[in-house]
Amino acid sequence: MGRSVTEIRAMKAEKKKITVLTAYDAAMARLLSDCGVDALLVGDSLGMVVLGYDSTVPVTMDEMIHHAKAVRRGAPDTFIIGDMPYGSYQTGVRDAVLNGIRFIKDAGCDAVKLEGGVSVCPVVKGLVEAGVSVMGHIGLTPQSAGQLGGYKVQGRGLDDARRMLYEARALEEAGVFSMVIECVPDSLVKVITESVSVPTIGIGAGIHCDGQVLVTHDLVGMFEKFTPKFVKKYANLSPLIKEAVTAFHDEVRAEKYPEEEHSFTSKVDYRQLLDE
Ligand code: KIV
Ligand code: NA
């Protein structure tokens with residue numbers, strides 16, 4: 001049975017590590033929920049991982065909803081977080097609330113996630129007041145990677161670190177039930193994790209977070225474009241898929257597939273049809 005916001009929050013106090021993985025379709029959602037993963041994130045990483053964009057920026061609300069619905073169908077009882085895409089929460093609290101509610105009402109998500117610190121606190125408050133549970137996301141925030149100087153570690157210097165701790169506390173104050181921390185030195189993440197009462201979910205953020213999130217396609221070795229340092233490939237599926245597809249291609253060309261066991265047979269002599 002799926003978790004609730006209350007349970008996810010309680011796991012921090014119980015020191016039980018939280019697992020979150022991305023899902024973009026029903027098939028993967030089912031596999032992940034069968035494994036007991038605590039929450040599924042319909043991440044806007046979908047843009048790069050399955051839609052073929054160069055960044056997460058072009059991803060639209062409609063694309064997110066389309067995939068979030070599929071994830072919900074594949075994992076009807078699992079806690080699902082919809083990632084608010086760029087443009088869906090930057091134009092004001094009202095727009096953000098309307099889009100957040102779409103994730104809940106149209107796609108059946110349990111919560112939404114959005115990137116940023118102090119600047120998004122009014123939006124976080126608006127969503128929470130409207131009854132939408134919100135996960136924060138600080139550190140490396142891919143939607144604004146351009147402003148951050150690319151995909152690189154955040155909060156290294158003491159001033160940046162102080163700022164990040166301030167942002168984390170502000171998000172907690174605004175009402176997030178949890179927050180993602182991405183690409184931040186592990187010792188700073190330890191300080192932040194000890195300073196907020198809501199669970200921190202790390203990606204490239206070391207062992208001290210209350211939980212970990214990864215892009216599933218990275219974890220199983222199905223995204224070949226690049227692999228960040230923080231990814232552990234628990235499997236390497238791409239070569240296996242290529243091997244299988246190459247074997248199919250070769251066997252079809254060699255007329256070895258399909259064999260009789262893959263075919264439907266009949267005793268009727270259909271050749272007479274040629275004479276009709
Ligand atoms: O879009 C995504 O997959 C994410 C996670 C990596 C946290 O935001
Ligand atoms: Na994201």
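Here are some questions and answers about the predicted model shown above.

Residues are numbered from 1 along each chain as written, and chains are lettered from A and ligands numbered from 1 in written order. Local features need pLDDT of at least 70 and side-chain atom pairs pLDDT 80 or more, while totals for chains, interfaces and linings use all residues; side-chain values use heavy atoms, without hydrogens and water.

User: Which residues are the protein donors of the sodium ion (ligand 2)?
Analyst: Happy to help with that one! Donors are N, O and S atoms within 2.8 Å of the metal (3.2 Å for Na, K and Ca), and water is not among the atoms, so sites may look incomplete. At 2.3 Å from the ion, the protein donors are Asp44 (OD) and Asp83 (OD).

User: Where in the chain do Asp44 and Asp83 lie?
Analyst: Helices (H or I, at least four residues) and strands (E, at least two) are DSSP runs, numbered from the N terminus. The two residues are 39 apart and link distant parts of the chain. Asp44 sits in the loop between strand E2 (39-42) and helix H3 (46-49), and Asp83 is in strand E3 (residues 79-83).

User: Is Asp83 buried or exposed?
Analyst: Buried means under 20% relative accessible area, exposed over 50%, and partly exposed in between (1.4 Å probe, protein chains only). The relative accessibility of Asp83 is 2%, so Asp83 counts as buried.

User: Which residue forms a salt bridge with Arg72?
Analyst: A salt bridge is a side-chain nitrogen of Lys or Arg within 4 Å of a carboxyl oxygen of Asp or Glu. The closest N and O atoms here are 2.7 Å apart, and the partner of Arg72 is Asp110.

User: Why does the pair of Arg72 and Asp110 tie together parts that are apart in sequence?
Analyst: Arg72 belongs to helix H4 (residues 61-74). Asp110 belongs to the loop between helix H5 (93-105) and strand E4 (111-113), so the parts tied together are 38 residues apart in sequence.

User: Which residues are linked with Arg3 in a network of salt bridges?
Analyst: One link is a salt bridge between the side chains of Arg3 and Glu7, at 3.5 Å from N to O. Arg3 counts as partly exposed because its relative accessibility is 24%. In the network, Arg3 is linked with Glu7 and Asp38.

User: How many helices and strands does the chain have?
Analyst: For scale, the C-alpha trace spans about 85 × 35 × 35 Å along its principal axes. Of the 276 residues, 46% count as buried. The chain has 11 helices and 8 strands.
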